[in-house]
Amino acid sequence: MNKIGKIVRVAWHSPSCNGTVEKELVTAAIVADCSLSGTDVDYIVAKIDFPENCPSRNPYALVLDRVGLEFFEKKANIVLRLDKTFWINEDSICETDLGRVSGRQIDEALKKWSMLATHSFFSAVHQEALESDFVPGQSRVQYAGRVFDTGEMDNLVGSSLDFWLTAGRHTEKFESKLAEFLGVDYALFVNSGSSANLLAFAALTHPSLGDFAIRRGDEIITVAACFPTTVAPIFQFGAVPVFVDVDLETGNIDTTQLEAAISSKTKAVVLAHTLGNPFDIRRVKQFCQKYDLWLIEDNCDALGSEYLAESSWEKPPFLHSTASCPGLPRPCSITTRMTGSFGHIGTSSFYPAHHITTGEGGAVYTKDKRLYKILLSLRDWGRDCHCASGQDNACGKRFSQQHGSLPFGFDHKYVYSSFGYNLKATDLQAAVGCVQIEKVEDFIKKRRENYRTFSHGLAALDHYFQRMRAEAFSLPSWFGFMLTVRSVAPFTRNEIVGFLEKQNIQTRMLFAGNIVRHPCMEHLLHGKDYRIAEPGLPNTDVLMENAFWFGVYPNMKDEAIQFVIDSIAEFVESNEN
């Protein structure tokens with residue numbers, strides 16, 4: 001007889017107050033058959049206490065009302081106490097059949113039980129590391145790191161128990177929450193930020209875009225001070241990147257050079273917001289509108305960065321010099337929008353180093369329904385059908401349409417309108433993202449606070465370092481704190497980086513520095529496979545040779561931030577003498 005779900009009397013022995021062992025009878029519910037070969041353990045049971053014995057404030061109680069019982073002799077609610085879960089064997093069960101708990105409630109009980117184990121694991125393994133004291137010179141000052149608690153672990157474990165391994169309900173929720181946060185209409189979860197960039201560029205090559213589709217030989221304006229997968233799709237689709245120099249203070253494209261980069265072959269502009277600092281969106285977008293160009297925003301390092309809304313571009317404060325407004329103050333009545341929402345397509349990365357994480361993972365998003373349909377098709381094998389994973393015949397026309405020269409009624413789930421990919425992520429990753437996106441505003445606030453602390457702490461060293469300046473009319477969601485060693489400094493970038501690394505302070509270069517100088521470019525021909533706009537890339541080379549950055553991520557302890565500031569000051573002082 002299957003006992004799963006039965007409410008029974010369970011007997012076991014417990015010591016009494018005088019030290020003798022007594023037999024105790026307790027009403028319990030059998031929540032799972034845990035028979036293991038070679039053991040005497042048959043069942044997991046959970047103790048049932050009644051309300052007077054189990055206060056409702058108990059956080060580990062699953063309350064079951066009488067509707068959830070097929071039979072029960074007491075006319076009162078019961079509580080299945082998962083903090084009292086234990087293992088028994090067949091001999092401990094008294095066969096008195098007191099009632100039965102529904103299968104759904106058993107599922108919930110087992111999940112709750114799993115969460116208890118998860119919380120215990122988090123406390124024992126992760127919490128200690130998160131709360132450990134910072135020891136200068138010994139503790140690692142990471143450039144980035146995942147920030148999480150039991151919320152992410154609960155969702156991840158819960159999703160694993162569902163065992164829906166591809167995109168599912170968590171993916172749908174995460175995409176919706178992300179789109180809402182960014183202020184866009186459509187967001188698609190993918191397996192990495194690099195895949196998001198690939199997908200974004202691939203969408204603009206789609207034949208359905210007609211004369212606006214990017215084709216082989218078309219030119220794409222971008223920068224060489226980049227992460228390689230921002231520009232890799234340009235090469236992979238046979239287009240020609242045109243590299244423009246950057247501004248030394250912001251690390252972003254020098255918009256005064258845009259006109260020198262344009263040609264009759266130009267089709268798009270592809271740019272990233274460097275280290276969370278928005279590029280000059282106003283000038284870039286107006287340039288794109290002037291020449292009917294596509295704009296892709298690589299927002300992978302800038303989730304939560306803000307820029308002045310378009311409705312204010314021709315009004316104050318643009319009547320004033322941009323030099324008088326180096327970033328937007330807060331509180332501020334000026335309307336802003338999230339970066340990633342200004343271009344035709346935006347992309348994000350959720351690698352552990354980024355603003356929120358799903359482990360591996362990324363997203364591509366847009367306000368354009370036509371582009372969304374192309375992106376969806378390309379992400380999901382290039383199929384024409386838009387049914388979600390596990391869904392069939394949502395349109396009701398699965399076997400009643402004509403597609404190309406295929407037989408009439410050919411299964412629409414296997415009709416392909418594009419040569420696509422499988423770039424979906426898993427629901428387990430999305431489950432983590434659903435919790436992370438709820439924390440993103442707190443993460444951003446902390447990044448800005450950390451950046452401000454570094455900026456104030458290192459201001460006295462401006463003679464030797466160029467601190468990164470926020471783009472005018474922007475509110476960056478900083479990814480890192482960049483310093484560029486000035487030519488007057490009595491030390492080199494490599495020397496200070498070497499010193500900081502010996503102090504256990506992680507540093508990073510500005511990604512590729514200058515992608516044109518990397519081995520991957522050696523087989524490419526300048527003028528044919530890529531082009532450098534006049535007057536060349538001198539500032540890009542300066543950053544390649546002299547810039548480095550370190551972290552501002554939310555879990556940085558105040559002591560670690562001060563240690564970095566003190567270490568840089570110590571190094572400078574020792575080299576001045």
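Contact means heavy atoms within 4.5 Å. The model is predicted: local features need pLDDT of at least 70, side-chain atom pairs count only at pLDDT 80 or more, and totals for chains, interfaces and linings use all residues. Residues are numbered from 1 along each chain as its sequence is written, and side-chain values use heavy atoms, with hydrogens and water left out.

**Exercise 1.** Describe how helices α9 and α12 cross, and list the residues that meet.

Solution. Helices are DSSP runs of H or I with at least four residues, strands are runs of E with at least two, and both are numbered from the N terminus. Helix α9 covers residues 427-458 and helix α12 residues 558-576; their axes come within 10 Å and cross at roughly 30 degrees. Angles under 35 degrees count as roughly parallel, so α9 is roughly parallel to α12. From α9, Lys446, Asn450, Thr453, Phe454, Gly457 and Leu458 take part, and they meet Asp558, Ile561, Val564, Ile565 and Ile568 of α12.

**Exercise 2.** Is phenylalanine 174 buried or exposed, and which residues does it contact?

Solution. Phenylalanine 174 lies in helix α3 (residues 169-182). Its relative accessibility is 1%, so it counts as buried (under 20% relative accessible area, 1.4 Å probe, protein chains only). Neighbours within four places in sequence aside, phenylalanine 174 contacts Phe189, Phe350, Ile356, Thr358, Ala430, Gly433, Cys434 and Ile437. Its C-alpha atom is separated by 9.8 Å from that of glutamine 429, 255 residues apart along the chain.

**Exercise 3.** Give the strand order of the open sheet that contains β14.

Solution. The order is β15-β14-β19, with antiparallel pairing; strands pair if DSSP finds at least two bridges between them. Strand β14 (residues 306-308) is joined to β19 by 2 bridges.

Terms used: Axes fitted to C-alpha atoms, helices over the stretch in contact; angles between N-to-C directions. Parallel < 35°, antiparallel > 145°, perpendicular 65-115°, else oblique. Buried < 20%, exposed > 50% of the residue type's maximum accessible area, 1.4 Å probe, protein only.
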